[in-house]
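Q: Hi! Could you walk me through this structure? I'm new to this, so plain words would help.

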Amino acid sequence: MKTSKRRFLKSILAVSVLAVTGLYSNVTYAKDADTIKLGFLVKQPEEPWFQTEWRFADKAAQDLGGVEIIKIAVPDGEKTLNAIDNLAANGAKGFVICTPDPKLGPAIMAKARSYGLKVVTVDDQFLNAAGEPMTNVPLIMMAATEIGERQGQELYKEMQKRNWDVKDTAVLAITADELDTARRRTEGSIDALIKSGFPVEKIYKSPTKSNDIPGALDAANSMLVQHPEVKNWLIVGMNDNTVLGGVRATEGQGFKAENVIGIGINGTDAVNELSKPNPTGFVGSLLPSPDVHGYRSTEMLYKWVKEGIEPPKFTPVGDPVLLNRENFRAELDKKGL
Ligand code: FCA
């Protein structure tokens with residue numbers, strides 16, 4: 001009697017183990033089959049800006065559930081097109097991209113279309129073969145002219161705070177006009193300086209060959225040596241690294257921090273500089289919302305893939321915060337960055 005009871009219990013146990021295992025494997029199977037894979041491709045993964053976008057793409061995926069983000073660095077055209085092949089081979093349904101070159105737009109779209117992948121662009125807009133913006137591809141980006149204008153206004157304010165004489169002062173504007181968002185930011189900044197009263201003839205533009213610190217440093221050096229008469233420099237540039245390159249060039253040519261004012265754009269990429277024990281000429285940075293860029297672009301793509309809801313063609317993100325040495329930790333904390 002006792003043995004048969006034990007045997008009976010054993011068999012119940014076995015059946016339930018089987019049932020549980022079966023159920024479990026069904027769930028796993030269903031989950032895998034339902035997981036939506038989306039790519040997130042960025043041109044410069046070494047910039048904290050893009051790392052932050054990636055982080056918030058993952059956060060969106062977590063909140064949405066059933067989404068996996070495949071993050072790929074795409075520093076050039078070849079890597080970009082290969083990445084799209086890989087995404088398709090992995091069963092991805094679409095991708096968010098900050099392209100390494102806006103002119104790749106038509107090639108990227110052709111390849112994406114051949115695989116039926118949906119595309120959302122972030123930060124940098126595609127250009128067509130005629131060099132015009134591809135306004136039919138959804139884009140989410142910072143409000144470029146406005147953030148540039150803010151940079152110009154803040155530079156002017158800081159110059160006034162320091163009681164600089166305009167006649168000893170010039171603007172070094174490091175430009176990258178092939179990238180439309182960069183052109184709009186620096187033009188906005190220059191326009192705001194002129195509007196505030198800065199003499200247009202003392203605004204010197206120097207194009208950078210690459211959008212990183214070494215490129216901007218070269219561009220700045222070649223302009224600084226042409227103007228030995230200038231005592232104080234205001235530095236305009238499209239992002240933190242550009243302005244940092246400019247500031248490094250002034251240091252290399254013997255300018256002291258009190259004779260240089262640089263205000264960057266991105267915020268995330270200025271943390272090391274603003275943490276330095278002694279102030280440099282880089283006094284602050286305008287922080288837009290890389291968190292929103294990463295999160296919203298992912299969410300838009302997901303809804304497009306999953307529910308067929310097409311994203312708006314253009315989503316500008318505004319309201320930057322000015323970070324400086326005193327407030328940057330608190331401001332970044334507030335946004336969870
Ligand atoms: C461009 C710049 C980045 C960042 C982004 C929003 O892609 O290269 O540094 O500012 O726009």
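**Sheets, helices and a buried residue**

A: Happy to! Let's begin with two strands: strand 1 (residues 36-42) and strand 2 run parallel and are paired over seven bridges. Keep in mind that this is a predicted model.

Q: Which residue in strand 2 is the bridge partner of Ile36?
A: That is Val67.

Q: What holds paired strands together in general?
A: The strands of a sheet pair through backbone hydrogen bonds, in a parallel or an antiparallel way.

Q: And what is the strand order in the open sheet with parallel pairing?
A: The order is 2-1-3-4-5-11, which makes six strands. Strand 2 (67-73) and strand 11 (314-317) are at the edges; each has a single partner strand, so one side of each has no neighbour in the sheet. On average, neighbouring strands here are turned by 20 degrees against each other, ignoring direction.

Q: Which strands does helix 10 touch as it packs on that sheet?
A: Helix 10 touches strand 1, strand 2, strand 3 (94-98), strand 4 (118-122), strand 5 (139-142) and strand 11. The direction of helix 10 makes about 140 degrees with that of strand 1.

Q: Let's stay with helix 10. How do helix 2 and helix 10 cross?
A: The axes of helix 2 (residues 48-64) and helix 10 (residues 290-307) come within 7 Å, and they cross at roughly 45 degrees. The two helices are therefore oblique to each other. Their crossing is right-handed.

Q: Which residues meet there?
A: From helix 2, the residues include Trp49, Phe56 and Leu64, while those from helix 10 include Pro290, Tyr295 and Tyr302. The residues of this contact divide into eight nonpolar, four polar and five charged.

Q: New topic! What is the strand order in the open sheet with mixed pairing?
A: That one also has six strands, in the order 7-6-8-9-10-12. Its edge strands are strand 7 (203-207) and strand 12 (321-324), and each of them pairs on one side only. From one strand to the next, the twist averages 20 degrees.

Q: How many bridges pair strand 6 with strand 8?
A: Five, in the parallel sense, between strand 6 (residues 169-175) and strand 8 (residues 232-236). One bridge joins Ala173 to its partner in strand 8, Val236.

Q: Where does helix 8 pack?
A: Helix 8 (residues 240-252) packs on this sheet and touches strand 6, strand 8, strand 9 (260-265) and strand 10 (282-287). Its direction makes about 160 degrees with that of strand 9.

Q: How do helix 7 and helix 8 cross?
A: The axes of helix 7 (residues 213-224) and helix 8 come within 7 Å and cross at roughly 45 degrees. That makes helix 7 oblique to helix 8. The crossing is right-handed. Among the contact residues are Ile213 and Leu217 of helix 7, along with Leu244 and Arg248 of helix 8. In this contact, seven residues are nonpolar, six are polar and one is charged.

Q: One last thing: is Gln151 buried or exposed?
A: Gln151 is buried, because its relative accessibility is 0% and buried means under 20%. You can find Gln151 in helix 5 (residues 144-161).

Q: Which residues does Gln151 touch?
A: Leaving out residues up to four places away in sequence, Gln151 touches Ser189, Val236, Gly237, Val243, Ile263, Gly264, Ile265 and Leu286. You have met Val236 already, as the bridge partner of Ala173.

Key
Residues are numbered from 1 along each chain as its sequence is written. This is a predicted model: local features need pLDDT of at least 70, side-chain atom pairs count only at pLDDT 80 or more; totals for chains, interfaces and linings use all residues. Side-chain values use heavy atoms; hydrogens and water are left out. Two strands pair if DSSP finds at least two bridges between them. Helices (H or I, at least four residues) and strands (E, at least two) are DSSP runs, numbered from the N terminus. Axes are lines fitted to C-alpha atoms, for helices over the stretch in contact, and angles run from 0 to 180 degrees between N-to-C directions. Contact means heavy atoms within 4.5 Å. Buried means under 20% relative accessible area, exposed over 50%, partly exposed in between (1.4 Å probe, protein chains only). Angles under 35 degrees count as roughly parallel, over 145 as roughly antiparallel, 65 to 115 as roughly perpendicular and the rest as oblique. A crossing is left-handed if the near helix is turned anticlockwise from the far one by less than a right angle, and right-handed if clockwise. Ala, Val, Leu, Ile, Met, Phe, Trp, Tyr, Cys and Pro count as nonpolar, Asp, Glu, Lys and Arg as charged, and the others, Gly among them, as polar.
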